[in-house]
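Student: Could you walk me through how to read a structure like this one? I would like to start with one residue and work outwards.

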Amino acid sequence: MSSISSPAWSELFRVFGRIGILSFGGPAGQIALMHRELVEDRPWLDEPRFLHALNFCMLLPGPEAMQLATYAGWLLRGVGGGLLAGLLFILPGFAIIMGLSAAYFHYGDLPVVAGVLFGLKAAVLAIVLEALIKVSRRALKSRLAWVLAIAAFIGIAFLKLPFPLIVLGAGLAGILASMPVREEAPVVVERAGDVAVSGLPGLAGPTLRTVLVWGAIWLLPLAALLFMPGIPDAFSAMAAFFSKAAIVTFGGAYAVLAYVGQQAVQVHGWLVPGDMLAGLGLAETTPGPLILVLVFVGFLGGAREAGLDPLTGGLLGGTLALFFTFAPCFLWIFAGAPHIERLRSVKWLSAGLSAITAAVVGVISNLAVWFALNVLFGTVGEVEIWPFTLPVPEVSTLNVAALAIALGAGVALLRFHVNLFAVLGAATLAGIAVTMLS
């Protein structure tokens, strides 16, 4: 049995506060930072327990690094520790992205700001391509995985199928493919933190209470925003939309961005395509999980569509995005953590989630294509060849400067492995130069 320390609350606050402030670099960098702080620098968690927690968080919808921080805090000081660790992981980035969203809304048309955003948008193409390559290497290890990735790309890019439907279909395909060789999972007795686990986890006792409490924390505000009179329609739509996004975000932020982009731009009209690119670029430069880009979406949607003062509407919209994106994460961890061994040992569940990860490759491929078309071309039309809808860029509107910045960022990241912030800084300077000279 692995030993777990129980640090003082002040020490827990100090360490996870530092993790939240320094958590740049995406999930890989954030997980590495937590490993150093929690395993290497102090005897709070040992290596097996840390990896055990990480494996569980990789199975869940939502940002795995934030959920790992919550899980680690739960191991160390129970539910209160998990809540403290999870909030400290996201709040610094939330405050920064809210400020950047306000600056974008009010000053995005200034030449210098426009130049910064131009460079960031072009660099985002290289960042998404790098993410696609990394996910592909991990996920596409079988013929079925390749088929699911290609089918997901065709489904979301050309058939305009909803992202949740693609996730559910891929998971079902993986489960069905695993059935001929499915084995009964062994009964496992383990101890996670101070909670004993034995046999099949059930919704009884502490687990039921956890589900009811955190389900109410999440769903009662949702019901209030949906059904109370006088709530702006934009806020009701955001509450439902971000709750749905929190449930289907398997595969990380890049996977859900295609879904968010489609809904926020085409369905709700909160953003235009350039906004989504700018938000992703800004989120890459802030601490915390990349999914905080949804706060940017919520801010712009509230500022434009709530019918309130833009700053007030934006702050409320961004806060709604934060709450409904991350409240479900605490439910997943606090309800599921006591049963992690049993969940990890269920073969058909693992097969279904592996299939979803494969489909995510196709979804991210579509995201890369969508971003590229909207960054590199001024005009992108569509042609319908039933049942497919194909994008058709107008070649004469190609932005050569954006293409050059994107290619330079791609070579720097993929060939020479230059630090991400150095690449973003160089892209920003190039964007300012192009904007000021044009």
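Tutor: Gladly. Let us begin with S178, which counts as buried because its relative accessibility is 12%, and the cut-off for buried is under 20%. Keep in mind that this is a predicted model.

Student: Where does S178 sit, and which residues is S178 in contact with beyond its neighbours in sequence?

Tutor: S178 belongs to helix α7. Leaving aside neighbours within four places in sequence, S178 is in contact with W348 and A351. The pair S178 and A351 shows how sequence and space can part ways: they are 173 residues apart in sequence, yet 6.3 Å apart in space, C-alpha to C-alpha.

Student: How do I read that kind of pairing for the whole chain?

Tutor: Look at contacts between residues at least 6 apart in sequence: in the protein chain, 75% of these join residues at least 24 apart.

Student: And what does the chain contain overall?

Tutor: The protein chain has 17 helices and four strands. It consists of 438 residues, of which 51% count as buried. About 19,200 Å² of the chain is exposed, and carbon and sulfur atoms supply 68% of that area.

Student: Let us try another residue. Is Q30 buried or exposed?

Tutor: Q30 is buried, with a relative accessible area of 1%. Its place is helix α2, residues 26–40. Not counting residues up to four places away in sequence, Q30 touches S23, F24, A65, F89, G288 and P289. Of these, take F89: its C-alpha atom is separated from that of Q30 by 9.7 Å, while the two residues are 59 apart along the chain.

Student: Can you show me some residues that are partly exposed?

Tutor: Here are two. A8 counts as partly exposed at 43% relative accessibility, and its place is in the segment before α1 (9–22). The C-alpha atoms of A8 and L76 are separated by 9.5 Å, with their positions 68 residues apart along the chain. L129, in helix α5, counts as partly exposed at 36% relative accessibility. Its C-alpha atom is 9.6 Å from that of V369, a residue 240 places away along the chain.

Student: Since we have reached α5, how do I describe the way two helices meet?

Tutor: Ask how closely the axes approach, and at what angle they cross. For helix α5 (residues 111–139) and helix α11 (residues 273–284), the axes come within 8 Å and cross at roughly 80 degrees. That makes α5 roughly perpendicular to α11.

Student: Which residues make the contact between α5 and α11?

Tutor: From α5 come L117, L120, K121, V124, I127 and V128, and from α11 come G274, L277, A278, L280, G281, L282 and E284. Sorted by class, the contact has nine nonpolar, two polar and two charged residues.

Student: At the bench I always check cysteines. How many disulfides does a search of the whole structure find?

Tutor: The search finds zero disulfides. C57 is in none, and the nearest cysteine sulfur to its own is that of C329, 9.6 Å away.

Student: Why is C329 not bonded to C57?

Tutor: The distance settles it: the sulfur of C329 is 9.6 Å from that of C57, its closest cysteine sulfur, and this is too far for a bond, because a disulfide needs the two sulfur atoms within 2.5 Å. As for accessibility, C57 is buried with a relative accessible area of 0%, and C329 counts as buried at 2%.

Student: What should I look for in the backbone?

Tutor: Look for cis peptide bonds and for positive phi values. The peptide bond from W386 to P387 is cis, with omega near 0 degrees. P387 is placed in the loop between β3 (380–385) and β4 (388–393).

Student: And where do positive phi values turn up in residues other than glycine?

Tutor: K160 is one of them, with phi near 60 degrees; K160 is in the loop between α6 (143–157) and α7 (163–178). It is partly exposed, with a relative accessible area of 35%. H417 is another, with phi near 55 degrees, and its place is in the loop between α16 (400–415) and α17 (420–437). H417 counts as exposed, at 62% relative accessibility.

Definitions and conventions: Residues are numbered from 1 along each chain as its sequence is written. This is a predicted model: local features need pLDDT of at least 70, side-chain atom pairs count only at pLDDT 80 or more; totals for chains, interfaces and linings use all residues. Side-chain values use heavy atoms; hydrogens and water are left out. Buried means under 20% relative accessible area, exposed over 50%, partly exposed in between (1.4 Å probe, protein chains only). Axes are lines fitted to C-alpha atoms, for helices over the stretch in contact, and angles run from 0 to 180 degrees between N-to-C directions. Angles under 35 degrees count as roughly parallel, over 145 as roughly antiparallel, 65 to 115 as roughly perpendicular and the rest as oblique. Contact means heavy atoms within 4.5 Å. Ala, Val, Leu, Ile, Met, Phe, Trp, Tyr, Cys and Pro count as nonpolar, Asp, Glu, Lys and Arg as charged, and the others, Gly among them, as polar. Accessible areas come from the Shrake-Rupley method with a 1.4 Å probe; for residues, only the protein chains shown count as cover.
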